[in-house]
Amino acid sequence: MNKPGREPTRLVPVPSPNIIPERDVDKTPILEAQHLGIDFGGLTAVDEFNMAIGRTEIAGLIGPNGAGKTTVFNLLTKVYQPTRGTILLDGIDTAGKSTVQVNRMGIARTFQNIRLFSNLSVEDNVKIGLHNHIKYGTLQGVLRLPGYWKEERIAHERALELLSIFDMQDLAGAKAGSLPYGAQRRLEIVRALATNPSLLLLDEPAAGMNPSETAELMENIVKIRDTFQIAVLLIEHDMSLVMGICEGICVLNFGHIIAKGTPDEIQNNPEVIKAYLGSGKGE
Ligand SMILES: Nc1ncnc2c1ncn2[C@@H]1O[C@H](COP(=O)(O)OP(=O)(O)OP(=O)(O)O)[C@@H](O)[C@H]1O
């Protein structure tokens with residue numbers, strides 16, 4: 001966590017029972033979930049979920065299998081409407097908003113299972129993310145009027161620029177489905193970034209990656225945060241990644257938060273250790 005040249009993160013309460021890095025404390029948290037919960041029939045999948053994320057924080061959401069982590073992502077992105085509670089994005093209530101609307105408001109995500117358009121090119125996959133921001137109308141597009149070509153050129157340049165984060169610009173013309181697994185996962189992140197988010201949600205970004213790919217991914221997540229000055233919330237089972245780059249970590253078990261804190265605090269928390277050992281996932 002405390003890499004050479006980087007200040008150790010101090011988490012401070014804002015407002016209780018939330019914690020965010022000290023450098024973000026005077027600014028509105030990018031995300032605040034308050035008393036969030038969802039029931040599926042008789043099953044309460046998530047309850048009393050309270051979390052704030054600083055505007056430039058890299059935060060982690062961890063917990064054993066079935067703890068409710070992906071359900072939290074589905075709530076934040078409005079795939080599910082909450083049964084109760086509030087989600088504020090940059091201080092604005094997202095009640096009643098759709099997935100598309102919260103994406104436009106600034107939340108982008110990747111999925112546990114890769115969801116690319118595998119028959120389209122790498123560049124076109126990124127352009128789909130950019131589409132929110134393309135300004136030409138249907139008529140300009142159909143008739144290929146000058147406004148269309150101008151926006152297309154801007155989109156092309158922006159797609160290459162975003163791909164270059166992962167050094168993937170030379171793969172722009174390749175079919176997305178032909179890329180190796182690790183590159184497809186990176187492309188998903190680029191596509192999410194193309195929607196110009198202020199909060200990037202990554203669902204198990206290191207799944208299926210080998211240790212050297214994971215190490216590179218960690219560097220790239222930090223680079224993305226530093227370059228775009230955005231917040232990242234990630235779900236991950238790979239504890240080397242979580243403990244290596246997350247500043248604040250929130251631990252879920254059976255749909256409830258059992259701990260919040262810095263990597264050091266979380267690793268030494270007896271309840272967290274018990275939850276992981278009990279699940280057989282003691283990474
Ligand atoms: N649409 C749904 N209908 C009914 N139950 C659901 C639904 N979505 C999630 N659940 C339940 O909510 C609980 C939490 O599941 P979730 O997938 O969020 O866990 P998770 O922490 O992401 O697990 P994993 O680490 O295995 O991905 C589980 O009991 C799951 O069966």
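**Group meeting: a helix, a domain contact and a buried strand**

Hi everyone, let's start with one residue: Lys223, which sits in helix H7. Keep in mind that this is a predicted model. Is Lys223 buried or exposed? Lys223 has 12 C-beta neighbours inside 10 Å, and exposed means 12 or fewer, so Lys223 counts as exposed. Now look across to Ile165. Lys223 and Ile165 are separated by 58 residues in sequence, yet their C-alpha atoms are 8.4 Å apart in space.

That brings us to the domains. The protein chain splits into domain 1, made of 1-106 + 197-283, and domain 2, covering 119-195. Twelve residues from domain 1 and ten residues from domain 2 make up the contact. Which elements give two or more residues to the domain 1 side? They are helix H2 (99-105), strand S9 (199-203) and our helix H7, which spans 211-228. H7 gives the largest share of that side, with four residues. As for chemistry, the side of domain 1 that touches domain 2 has six nonpolar, three polar and three charged residues.

Next, please find strand S5, residues 58-62. How many of the five residues of S5 are buried? Five of the five are, so S5 is largely enclosed by the rest of the structure. In a regular strand, side chains alternate between the two faces of the sheet. In S5, Ile58, Gly60 and Ile62 point one way, while Ala59 and Leu61 point the other way, and all are buried.

Who are the neighbours of S5? One is strand S10, residues 231-235, which pairs with S5 in the parallel sense over four bridges. Another is strand S11, residues 248-253, also parallel to S5 and also joined over four bridges. Ala59 is a handy residue to click on here: its bridge partner in S10 is Leu233, and its bridge partner in S11 is Gly248.

Finally, a word on confidence, since I know you will ask. The mean pLDDT of the protein chain is 89, and 89% of its residues reach 70 or more. Which elements have the lowest and the highest mean pLDDT? Helix H4, residues 138-142, has the lowest at 60, and S10, that partner of S5, has the highest at 98. Over residues 1-5 the pLDDT is below 50, and this stretch has four contacts in the model beyond near neighbours in sequence. For the model scores, ipTM is 0.95 and pTM is 0.89.

Thanks for listening, everyone!

Technical notes. Residues numbered from 1 in each chain as written. Predicted model: local features only at pLDDT ≥ 70, side-chain atom pairs only at ≥ 80, totals over all residues. Buried ≥ 20, exposed ≤ 12 C-beta atoms within 10 Å, placed from the backbone. Pairing = 2+ DSSP bridges. Domains from an automatic or database assignment. Contact = placed C-beta atoms within 7 Å. Nonpolar A, V, L, I, M, F, W, Y, C, P; charged D, E, K, R; others polar. pLDDT = per-residue confidence, 0-100.
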